[in-house]
Amino acid sequence: MTEEIAAKIARRIRVEGPLTVAAYMAMALHDPDGGYYATRDPIGARGDFTTAPEISQIFGELIGLWCVELWRRMGQPDPVILAELGPGRGVLMSDALRAASIVPEFRRAVRIQLAEASPKLRVEQEKRLGDAGPEWITRVEDLPDGPMLLIANEFLDALPIRQFVRGNREWSERRVGLDIDGDLAFVDGPESTASALLVPASLRASTPGTLVEICPAAIALAAWLGARLRRWPGAALFIDYGNSFSAPGPTLQAVFRHRPVGALAMPGDADLSAHVDFAAFAEAAGRGGAEIHGPVAQGLFLARLGAWRRLAALAARAAPGQRIALEAGLARLMKPGEMGELFKVIALVSPGLPPPPGFERDCRYGATDQHPSDDHPRSS
Ligand code: SAH
């Protein structure tokens, strides 16, 4: 598969010239003939990477209860859309629905919408969620109108990014071209004021050689959701790895079977992703019209939602081997050195709703996640 998609990318470069990193990423991930997501289920121990819902059922359960609480605060609209972006194998939604079934009125009111680009993963989602009667959409803009709760774990990191490099005078866009052997290679375009304007203002004065990434698709999504949340009551919860503040540095990464590989080495066969710039995302959503809470560190967020209590309840009923697995799974999601701190959680809510669960104390953007160790044990 690699050969085919790499050849297709090379053909396009010969016709159009070097591609933006975003165009390369979009082809490598989604090309119908050999794109990464188009052709496989990459998630889990036998795939290329694993995700929080695959590591611990507690993740999805707590998010399900978070949705129920938000629904209550919204005045219990019936129907209410429960949307997920990039649901992977459907595990998060399935755990969330199981936990939420303690409030039957919520379960009855919910209409599930799944935004998924990958035909392969849609099949996996159908297996786990078919009984709940979900509808699939390809583009977020196709979500029906109405009150909505939206969740997305590790969706934003898969959206294509562009890269800009600071030259001696201005910024230039880094692109994907061909070297003299015809292999894919990064090439820097001409320095221009137009490129400089795409770099976040806070980073524009960086020293020569600095690389900055932007994610136009994430910004567009945030702005769209912000406007929608001003119009229709609701909330959106995004969990992903990334920075609370716009930071320089390349974060584009390729992963094949849980190992890093070169970003241009295996298009179609390696996963491609980049850190999320939560500051840029929050700013766009806020300008669209939503109120922003967080980002807070994932470990702190889960602790505030009662992850340790949920673990104790599950462990009390589990066989010894299961108990160890439950503890290890949750620790991986919560420990600062693992997924507890690099992963962050941000909520966009309709104006007027109180701070959602998990964001209560230091709720406003910018004043967050500085002391996560206060709330959960560092070594468990
Ligand atoms: N949320 C899941 C899967 C994360 S992997 C989990 O936590 O396990 C990223 C998911 O986003 C996959 O389901 C992938 O197919 C989907 N995806 C990536 N880019 C997309 C796009 N542009 N539109 C819709 N879905 C996309």
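Are Tyr 241 and Phe 343 buried or exposed? I will start there this morning, keeping in mind throughout that what we have on the screen is a predicted model. In that model both Tyr 241 and Phe 343 are buried.

Let me step back to the aromatic rings in general, where a pair is described by the distance of the centres and the angle of the planes. The structure holds five aromatic pairs, and I will go through two of them, beginning with Tyr 36 and Tyr 37, whose rings sit 5.2 Å apart, centre to centre, with 75° between the planes, in an edge-to-face arrangement. Tyr 36 is buried, since its relative accessible area is 0%, and Tyr 37, at 12% relative accessibility, counts as buried because the cut-off is under 20%.

The second pair brings us back to Tyr 241 and Phe 343, whose ring centres are 5.4 Å apart and whose planes meet at 65°, so this pair is edge-to-face. Tyr 241 belongs to strand S10, residues 234-243, while Phe 343 belongs to strand S16, residues 343-349, and the pair therefore ties together parts that are 102 residues apart in sequence.

Finally, I would like to turn from the rings to a charged residue, Glu 124, which lies in helix H8, spanning residues 119-129. With a relative accessibility of 13%, Glu 124 counts as buried, because that value falls under the 20% cut-off. And which residues is Glu 124 in contact with, leaving aside its neighbours within four places in sequence? Those residues are Asp 41 and Arg 89.

Conventions
Residues numbered from 1 in each chain as written. Predicted model: local features only at pLDDT ≥ 70, side-chain atom pairs only at ≥ 80, totals over all residues. Heavy atoms only, no water. Phe/Tyr/Trp six-rings, centres within 6.5 Å; stacked < 30°, edge-to-face > 60°. Buried < 20%, exposed > 50% of the residue type's maximum accessible area, 1.4 Å probe, protein only. Helix = DSSP H or I, 4+ residues; strand = E, 2+ residues; numbered from the N terminus. Contact = heavy atoms within 4.5 Å.
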